[in-house]
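Subject: Structure handover

Hello,

Here is the structure we spoke about. Please open it beside this message and follow along as you read.

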Amino acid sequence: MTKTETRPSSITATVDFEADGVHHGFLQLPYSRDDSAWGSVMVPLAVVKNGEGPTALLTGGNHGDEYEGPVALFDLAQKLTAEEVSGRVIIIPAMNYPAFCAGTRTSPIDKGNMNRSFPGRPDGTVTEKLADYFQRTLLPLADVVLDIHSGGKTLDFLPFAAAHTLEDKDQEAKCFAGVAAFAAPWSLRMVEIDAAGMYDTAAEEMGKVFVTTELGGGGSARAETIEIAKRGVRNLLCHSGILTGEIEQAPTRWLDMPSGECFVFAEDPGLVEVCRDLGDLVKAGEVIARVHPIGKTGAAPVEYRAKIDGIIAGRHFPGLVKSGDFLAVVGVAE
Ligand SMILES: [Zn+2]
């Protein structure tokens, strides 16, 4: 073990994770800076505990420009009573709180992308210190971990809950049972472009039941997707035995991402002409977007085609793209 791994975290929780009842507080992270020499970053959290039972760790705002998670979780934290709970619910509505306050994907303090910062460092940047606290303190407390994402300012998705293919098939089955319980309109077997440093990977490697989502995007939230988030959170807590009551069933369609062929990336910068919308069926070879050069008129657009048959499950959101930008992802109905 290196010195870094044994160093204690500088973060303290202002609430007792073992105390019964509803407790609102903070993760307090000392952050010395020009406008506050002995200041701290204060990440809001709520702990609702009632006796013995499983622990659910619920997060939103892993990326600061995604809003269904923070809306559903600030709402839950305000409403949930200890009497309703068997076990414990730890609610952190905005995991990368500096990013959330700035309305940006990454932290304005250190440019840290929370979901590329795991396992974190106790002696690292603000984002790395938060990741380390999740890695060594919060994740070990949890049985079930839900991390609510949306597309943020640059992506838009069909609203889906998702889990990953895992080596441990028993764990994988529990994760997909959690996805089914969440009951989003779409349920996905997800492939990551790069899983290194992700919170997902950290939780899964610890053997946790891990469910993630992409509930929309564009840097805002809709009434429909907020309802999906609220219902999904309660359903997952019922499914885990933490809340009593019936799971509120809703129709879901399962999608698979069988390979990297799902993804379409832009190789040319320019103006996107979207040719297929979210939820549209596409065939391999079909043009899903054209990218028009914007330096002058008279140049032909570059066509981008689906590589497999399927359904458009996600897309680039802004009107302009750069080379290397994600354009679309095609899911395959199971
Ligand atoms: Zn995200």
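Alanine 183 counts as buried, because its relative accessibility is 1% and the limit for buried is under 20%. Please keep in mind that this is a predicted model. Alanine 183 sits in the loop between helix H5 (169-182) and strand S9 (186-190). Its phi is near 60 degrees, which is a positive value in a residue other than glycine.

Lysine 111 also has a positive phi without being glycine, with a value near 65 degrees. This lysine is in the loop between helix H3 (97-102) and helix H4 (126-141). Is lysine 111 buried or exposed? Lysine 111 counts as exposed, because its relative accessibility is 63% and the limit for exposed is over 50%.

The loop between H3 and H4 also holds proline 119. A cis peptide bond links phenylalanine 118 to proline 119, with omega at about 10 degrees.

Domains

The protein chain is divided into two parts, domain 1 (3-253) and domain 2 (260-333). How far apart do the C-alpha centres of domain 1 and domain 2 lie? The distance between these centres is 30 Å. Across the boundary, 12 residues of domain 1 are in contact with 13 residues of domain 2. The two domains bury an area of about 1000 Å² between them, and carbon and sulfur atoms give 75% of this area. On the domain 1 side, Asp156, Leu158 and Ile193 supply 43% of the area buried against domain 2, more than any other three residues.

The largest pocket

The largest pocket has a volume of about 640 Å³. It is lined by 32 residues, and those closest to its centre are Arg105, Arg116, Leu155, Phe157 and Ile193. Ile193 therefore appears twice in this message, here among the residues closest to the pocket centre and above among the three that supply 43% of the area domain 1 buries against domain 2. Several elements give two or more residues each to the lining of this pocket: strand S7 (155-157), S9, strand S10 (209-214), strand S12 (263-265), strand S17 (310-316) and strand S19 (326-333). Which of the elements gives the largest share of the lining? That is S19, with 3 residues.

By residue type, the pocket lining divides into 14 nonpolar, 9 polar and 9 charged residues. Both domains take part in the lining, as domain 1 and domain 2 each provide at least three residues.

The cavity

The structure holds 1 cavity of 30 Å³ or more. The volume of the largest cavity is about 80 Å³. Which residues line the largest cavity? They are Val272, Val274, Arg276, Ile288, Ala289, Ile312, Arg315, His316, Leu327 and Ala328. At least two lining residues come from each of strand S13 (270-274), strand S15 (287-292), S17 and S19. S17 gives the largest share of the cavity lining, 3 residues. The lining of this cavity divides into 7 nonpolar, 1 polar and 2 charged residues.

Ile312, which is part of the cavity lining, is also paired in space with aspartate 277. The two are 35 residues apart along the chain, and their C-alpha atoms are separated by 6.7 Å. Aspartate 277 is in the loop between S13 and strand S14 (281-282). Its relative accessibility is 45%, so aspartate 277 counts as partly exposed.

Glycine 53

The last residue to look at is glycine 53, in the loop between strand S3 (40-50) and strand S4 (55-59). Glycine 53 is partly exposed, because its relative accessible area is 43% and partly exposed covers the range between the buried limit of under 20% and the exposed limit of over 50%. Leaving aside residues up to four places away in sequence, glycine 53 touches Ser86 and Gly87. Glycine 53 and arginine 88 are 35 residues apart in sequence, while their C-alpha atoms are 6.9 Å apart in space.

Regards

Methods
Residues are numbered from 1 along each chain as its sequence is written. This is a predicted model: local features need pLDDT of at least 70, side-chain atom pairs count only at pLDDT 80 or more; totals for chains, interfaces and linings use all residues. Side-chain values use heavy atoms; hydrogens and water are left out. Helices (H or I, at least four residues) and strands (E, at least two) are DSSP runs, numbered from the N terminus. Buried means under 20% relative accessible area, exposed over 50%, partly exposed in between (1.4 Å probe, protein chains only). Contact means heavy atoms within 4.5 Å. On a 1 Å grid over the protein atoms alone, a cavity is a set of points where a 1.4 Å probe fits but cannot get out, and a pocket is an open set with protein on both sides within 12 Å along at least five of seven lines; lining residues have an atom within 4 Å of a point. Grid points are joined across faces, edges and corners, and a volume is the space filled by probe spheres set on the points. Ala, Val, Leu, Ile, Met, Phe, Trp, Tyr, Cys and Pro count as nonpolar, Asp, Glu, Lys and Arg as charged, and the others, Gly among them, as polar. Domain bounds come from an automatic or database domain assignment. Buried area is the accessible area (1.4 Å probe) that two parts lose on being put together, summed over both.
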